[in-house]
Amino acid sequence: IKNIGVFTSGGDAPGMNAAIRAVVRAAMYYGIEVTGIRRGYDGMGKGEFVPMNRKSVSNIIQRGGTILKTARCDNFRTPEGRKNAYEQLVKHKVDALVAIGGDGTFTGAKVFGNEFDIPVVGLPGTIDNDLVGTDFTIGYDTAINTVVDAVDKIRDTAESHDRLFIVEVMGRDSGLIALRTGIATGAEAILIPESKTGLEGLFNRLEFGRKDKTSRIVIVAEGDDTAGGAFEVGRLVQEKFPNYDTRISILGHIQRGGAPSCMDRVLASRVGAAAVEALRDGHRNEMIGLINGEVAYTPFEHAIKHHQGIDPNMIKLVEMLSM
Ligand code: F6P
């Protein structure tokens, strides 16, 4: 392998820059050139290629977002779009790829790696933590700390006004952000797609919880379909408990930004360097993650088919500790 192309794709996640840096610096360590591909698959098809060196990744380990930019690309779903992208890689003498992103990114990488003779490995970069093959994805730790920080602030005002807050967090169809942050903020209840708490379950928790509570927080995962989003949950809670002064807060894209946490920087650095070593060792069509502190190789096929599940003990914990 002489020239590795690296790109970020799908939703950005804090720590993607640390991953790009690790790929570039590890490749240089082994005497391999690196080409940065801007705007994910979209930029690949359009030939948005930039040669990278040690200096081009200076001073980025602490920065949120991605210096290579990112995009969600429909064109890459078509055979012509992928052929076009491959021609650009050949033209720029890129002979291996590191794709940084989530399951959408790896779905594209899997098809591409099977269609054309180019080794592709992936790094798990998404705040959702919804991939198997790694204990944590790059960006998840930072995102949950952002959520905890925000919910702690909401708790201050909720407590001052004796209010109930419905807080919606991201995660697409996964409740992993909601579950962990629910535990960490002492939420009174959580609604996540993986558990069937339902409206009745939520009402019960609010009804039979301690009466002398002066503030209440309900964390709702964006993918939960109990009522169709936080506003609808809020409306129904207000209807059922007219005495609770209820407010809604949707945290939104602040969860995707900010300086990556130490955990995300270290994770990104480890898997970034491991990706380069994996390509040298002949790996292809695999995601490089960390399981129990060890580098783990998971076929794209498997990583995208199976979402990381929820530990039922964690759900029980919310119920047990928030009484
Ligand atoms: O996958 C990361 C994520 O932030 C999800 O949690 C969310 O559902 C989605 O991306 C939002 O995507 P966009 O920024 O394109 O609206």
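Which residue of strand 8 stands opposite Leu191? In this predicted model, the residue facing Leu191 is Val220. That pair belongs to the smaller story of two open sheets, and the sheet with Leu191 in it makes a handy place to start. 

Strand 7 and strand 8 (residues 216–221) run parallel and are joined by three bridges. They belong to an open sheet of four strands in the order 7-8-6-9, paired in the parallel sense. Strand 7 (189–191) and strand 9 (245–250) sit at the edges, and each of them pairs on one side only. From one strand to the next, the twist averages 20°. Helix 7 (residues 198–208) packs on this sheet, where it touches strand 6 (163–169), strand 7 and strand 8. The direction of helix 7 makes about 170° with that of strand 7.

Helix 8 (residues 230–240) comes into the picture here too. Its buried residues are Ala230, Val233, Gly234, Leu236 and Val237. These buried residues pack against strand 6, strand 7, strand 9 and helix 7.

Now for the other open sheet. Seven strands make it up, in the order 3-2-1-4-5-10-11, and the pairing is mixed. At its edges stand strand 3 (49–52) and strand 11 (294–299); each has a single partner strand, so one side of each is left without a neighbour in the sheet. The twist in this sheet averages 30° from one strand to the next.

Strand 1 (residues 3–8) has partners in strand 2 and strand 4, as the strand order shows. With strand 4 (residues 96–101), strand 1 runs parallel, and five bridges join the two. Thr8 is the residue that stands opposite Ile100 of strand 4. The pairing of strand 1 with strand 2 (residues 33–37) is parallel as well, with four bridges, and here Val6 stands opposite Gly36 of strand 2.

How many of the six residues of strand 1 are buried? Six of the six are, so strand 1 is largely enclosed by the rest of the structure. Asn3, Gly5 and Phe7 point one way from the strand, while Ile4, Val6 and Thr8 point the other way, and all are buried. Buried here means a relative accessible area under 20%. Helix 9 (residues 262–280) lies across strand 1, strand 4, strand 5 (120–124), strand 10 (286–291) and strand 11, and runs at about 135° to strand 10.

Tyr297 is a residue of strand 11. Its relative accessibility is 37%, so Tyr297 counts as partly exposed. Leaving aside neighbours within four places in sequence, the contacts of Tyr297 are Ala278, His283, Glu286, Met287 and Ile288. Computed along the chain is one thing and through space another: Tyr297 and Arg155 are 142 residues apart in sequence and 41 Å apart in space, C-alpha to C-alpha.

Ser322 is found in the segment after helix 11 (312–321). Is Ser322 buried or exposed? With a relative accessibility of 8%, Ser322 counts as buried. The side chain of Ser322 makes a polar contact of 2.8 Å with the side chain of Arg205. Once neighbours within four places in sequence are set aside, Ser322 is in contact with Gly186, Ala187, Glu188, Arg205 and Lys213.

Ser322 also turns up in the lining of a cavity. The model holds two cavities of 30 Å³ or more, and the largest has about 70 Å³ of space. Lining this largest cavity are Glu188, Arg205, Leu206, Gly209, Arg210, Lys213, Arg216, Ser322 and Met323. Glu188, Arg205 and Lys213 are therefore both contacts of Ser322 and lining residues of the largest cavity.

Last come the pockets. The largest pocket has about 610 Å³ of space. It is lined by 31 residues, and the closest to its centre are Gly10, Arg72, Gly104, Thr105 and Arg172. Which helix gives the largest share of the lining? That share, six residues, comes from helix 4 (residues 103–115).

Note on methods: Residues are numbered from 1 along each chain as its sequence is written. This is a predicted model: local features need pLDDT of at least 70, side-chain atom pairs count only at pLDDT 80 or more; totals for chains, interfaces and linings use all residues. Side-chain values use heavy atoms; hydrogens and water are left out. Two strands pair if DSSP finds at least two bridges between them. Axes are lines fitted to C-alpha atoms, for helices over the stretch in contact, and angles run from 0 to 180 degrees between N-to-C directions. Contact means heavy atoms within 4.5 Å. Buried means under 20% relative accessible area, exposed over 50%, partly exposed in between (1.4 Å probe, protein chains only). A polar contact is a pair of N or O atoms within 3.5 Å; within protein, one must be able to donate a hydrogen and the other to accept it, and residues adjacent in sequence count only if both atoms are side-chain atoms. On a 1 Å grid over the protein atoms alone, a cavity is a set of points where a 1.4 Å probe fits but cannot get out, and a pocket is an open set with protein on both sides within 12 Å along at least five of seven lines; lining residues have an atom within 4 Å of a point. Grid points are joined across faces, edges and corners, and a volume is the space filled by probe spheres set on the points.
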